[in-house]
Amino acid sequence: MTEKTTGGGGKYDWFWFLLPALILVVIFFFLPIIITFFISGTNMSTATGFQNWKWIGLKNYQRISSHPETLEHLWLTVKYVAFTLVFFNLGMSLVIALLTTHISRGVGFLFRAVWLLPRITPVVVYVMMWRFIAADAPYGILNQIIIKPLGLKTANWLPMAPFLFIVLVNGFIGASFGMILFSSAIESIPKDLMMASLVDGSSYLQRIRYLIIPHLRWPLLFVTTFQTLSLMTSFEQILVLTDGAYNTEVWALWAYHKALSTYSGNLQWGFGTALAAILVTIGIVMAVIYMRYFKFEELVQEPKIETQ
Amino acid sequence: MRFKIFFSRFVPYLLLIVVTLPIIIGYVWILISTFSTRTYGLLPVDKAGRPGGWTLSNWSFLSKPEIWMVTSNTFILASGLTIGVVVVSMMAGYALSRIKFPGRKAFLSLTLILHAFPTVTLLIAIYFVLRWISVIPVLGRGLPIIGGFGYNTLGGVILVSLALQLPLGIWLMKGFFDNVSWDMERAALIDGCSRFRTWREVMVPQIRPGIAALSIFSFIQGWGSFIIPYSYMVNANRATIATYLNNLLSETAPTNYSMVAAVGLFQLLPVLVFYIFTQKYLLSIFAGGVKGAA
Amino acid sequence: MKVDIVNLTKKFGGIIAVDSINLDIKDGEFVAFLGPSGCGKTTTLLMIAGIYKPTDGDILFDGKRVNNFPPKDRDIGMVFQSYALYPHMSVFQNLTYPLLIKKRPREEMKKEAQRVADMMGIGHLLKRRPGQLSGGQQQRVALGRALIKKPRLLLFDEPLSNLDARLRISMRGEIKKLQKDLGITSIYVTHDQIEALTMADRIAVIKDGVLQAYTDPEDLHDRPKTLFIAEFIGNPPMNLFDVEIKSEAGRVYANLGNGARLAIPESRKLKKLVEGKVKMGIRPQDIHAGSEDGISTEIALVEPMGRDDLIVSKVGNAEVHFLVDPIMKLRMGDRIKLRFDMEKSQFFDIKTELSLLWD
């Protein structure tokens, strides 16, 4: 019986357990956040290289505010987030959750499984499907199945309706997030309540209005806030679908192109990081607000072992 | 009255089928297209546009050496990411769930903030981090197989993917550890285990379903990941299946989509197989990843 | 091993779970910690095990302060209410895990596993997984695992609560016999007074983190020091009445109200003669029905309990519970006379709830 412990146990066990995660978080979260803000204050670009850049303070931000494209990208981003959120991440996900919990359990589960497919499908494969749906006659599915039978004029629909397609492509992925939350919330409504409202003779629509929606208040709020943030910063699907062509360059993609796209030749790291820094700031602020607002801290239990 | 019953019975199914149609059509198309010369919509046709034209020639890409190189890269990426995320998350998740230490609450809050934080906004800055890692001797770009951990190396891509996936992984593993009996861990400590040994021999075996779920999820993520290899590997068409496919896609006219579709199905197939057989586990991630919130 | 607990205190946040407990446990002694759930008895046990760190006070093993020892260096074995077996290991692996950690040779592990398994009567189960065993078998494995490393102190945390009543009684005897045969100092946490009374050499009664009494079962039963102990120990529970003490012509009476009064014998002379209101207690088995004289009462309720009938009736303003032989076939509404065996009566101060007879 000695005070010294053997076999690697000790007072700082927790530190060794956390160390790998800590290193990675510092290198790939903290450092990048600092770098983002730092470089946004410089004129760094391929032209200056990593050596000859200068500190220019808030000039990049001034440039953003006076840039002729700024309003365009901002308005597109707002529109894109709003439409995708309302029609898919909230609207469609709610519809699917309601329908799949209303029908037989097995079939409902099957449909939800199908709706999860876009989320797990490799993004390039998924976007490829949409490109073929939109493709020109005689190949494209949209043209073959709907446009032609109706006798309308066929086209390649991606350049014709680019905004519709970026919303569809993201929406069909985004809907599954809310779908899972909503359907598990609906299924957790006590059966007695459902029975009572059936006995009361209320119709399904009345039940939705007076019983289900009030139960979904919390998940609705959560999905709205969480998905707004992730839509605002997402650009992967758009990059693969159009790479920003046909006026589909949302703010995050604009930043990415300015800083990392090899097409433009001169990479404007300073300006690009300034664009990203705005998103990073919004991200940090909103993430902190979630944590406070949704009271994550209450989920934390105290360890019931205090030994070292 | 009869009509009404019929109506309320079948309308939900009908509605569901209509809204789900685009997804179903997408997958049906990729299946048909892969084995046809061309497709008009979902109809397989030959070069002259006549129905028919079934062929296996789209799979000829399998004889090209590049595809096997990008496949092996993708496999290394997915496996490396999986092992890394699972091990690091299991360690950190255990500490956060079970050990009392100063600042534990702060660490937990941090994990949650990072979980909610949109990681893609950091991609530009991470480019600089990788450039710096490149400068480090050996570790930067002098390792076998993965090349190193710097810019334009597979190891760098793995490391970035791993780090960005950590908040989810840690939170998930913490949740699984939370549910293990305290008495069992106490018993192990009294039996003579150190905390590390308790973790490895007693605790980790109790959360096997969680490990399975996180592994499958991470592997699928790594296997399909595009933006990270696309951003940090210089020669995109030689990096991973995703970047290779993206390259093909941008170069190919709809006429020859069938050939691209075959590569797509090649990438999709393992994911589908995983999904079909491990749905239960995966759903626990999708539900669990947000359960902390709900 | 001798265990001393000195001023042991545990706070969780601002809540005091264990409040300055002092105890000494002799080598080879079997001590029970008895109290209602949430009283701090398990917390005390976990501090002795080294799982919780004391906020204040000391734990001494054979005179040596072990506060900062991790559990593995304390030479203890512990049995849990939930058994806490490792579900991914076989019974053999569970039993020998403590030896595996100590890097004992494989031969010794086999021999010891066989010895302990035979002692516990689980020799034929060594290849099974815990999930394939019944609750009783699992608890035997857990006990075997605690014993295999020959600990100097055995800790039990309500080990029988998850078993059915019949098994509980037989395990009670087995554990007691085993403890006496092996002579290992043991601490046994329970909320079941019968377990404590039948098994332990001494019982520590704990309430709200405070030690109420620490004495042998007989003393606890016959000479309760506080009102809490009087209420908590004994089955069916002790009758408690508010009585008024009055001296009259050299004799002392307890007035039950409505004219009913009982003479207090010389042997129960109160420490301080309080004229006024006190609590009087008397166990149901010390009230005898069917005598010639005594206090007349009408039966309000008859509860058959098997060996006895528990009768409820009214004396003065108070409800009285007592036991009668079912042969008497008493029914509701019958009138009988009750004789109180006042030699067994207890008295408590209403305010301090301390006994007026014992300290």
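In this predicted model, chain B and chain A meet through 86 residues of chain B and 91 residues of chain A. On the side of chain B that touches chain A, the largest share comes from helix 1 of chain B, residues 2-34, which supplies 13 residues. Sorted by class, this side of chain B holds 64 nonpolar, 14 polar and eight charged residues.

Chain B also has a contact with chain C, to which chain C gives 15 residues and chain B gives 12 residues. On the side of chain C that touches chain B, strand 6 (76-79) and helix 2 (91-101) of chain C each provide at least two residues, and helix 2 of chain C gives the most, with three residues. The residues on this side of chain C fall into 11 nonpolar, two polar and two charged.

The domain assignments of two of the chains can be set side by side.

| Chain | Domain 1 | Domain 2 | Distance between C-alpha centres |
|---|---|---|---|
| Chain B | residues 22-55 | residues 64-291 | 35 Å |
| Chain C | residues 3-225 | residues 239-348 | 40 Å |

Within chain B, the centres of domain 1 and domain 2, taken over C-alpha atoms, are separated by 35 Å, and the contact between these domains takes seven residues from domain 1 of chain B and seven residues from domain 2 of chain B. On the side of domain 1 of chain B that touches domain 2 of chain B, helix 1 and strand 1 (38-40) of chain B each contribute at least two residues, with helix 1 of chain B giving the most, three residues. By class, that side of domain 1 of chain B has one nonpolar, five polar and one charged residues.

A further contact in chain B joins two helices. How do helix 3 and helix 5 of chain B lie, and at roughly what angle do their axes cross? The axes of helix 3 (residues 104-116) and helix 5 (residues 154-178) of chain B come within 8 Å and cross at roughly 130°. Angles from 65 to 115 degrees count as roughly perpendicular and those over 145 as roughly antiparallel, and helix 3 and helix 5 of chain B are therefore oblique to each other. Their crossing is left-handed. Helix 3 of chain B takes part in the contact through B:Thr111, B:Leu112, B:Leu114 and B:His115, while helix 5 of chain B does so through B:Pro167, B:Leu168, B:Ile170 and B:Trp171. Counted by class, the contact of helix 3 with helix 5 of chain B has six nonpolar, two polar and no charged residues.

How values were computed: Residues are numbered from 1 along each chain as its sequence is written. Chains are lettered from A and ligands numbered from 1 in the order in which they are written. This is a predicted model: local features need pLDDT of at least 70, side-chain atom pairs count only at pLDDT 80 or more; totals for chains, interfaces and linings use all residues. Two residues are in contact if their C-beta atoms, placed from the backbone, lie within 7 Å. Helices (H or I, at least four residues) and strands (E, at least two) are DSSP runs, numbered from the N terminus. Ala, Val, Leu, Ile, Met, Phe, Trp, Tyr, Cys and Pro count as nonpolar, Asp, Glu, Lys and Arg as charged, and the others, Gly among them, as polar. Domain bounds come from an automatic or database domain assignment. Axes are lines fitted to C-alpha atoms, for helices over the stretch in contact, and angles run from 0 to 180 degrees between N-to-C directions. Angles under 35 degrees count as roughly parallel, over 145 as roughly antiparallel, 65 to 115 as roughly perpendicular and the rest as oblique. A crossing is left-handed if the near helix is turned anticlockwise from the far one by less than a right angle, and right-handed if clockwise.
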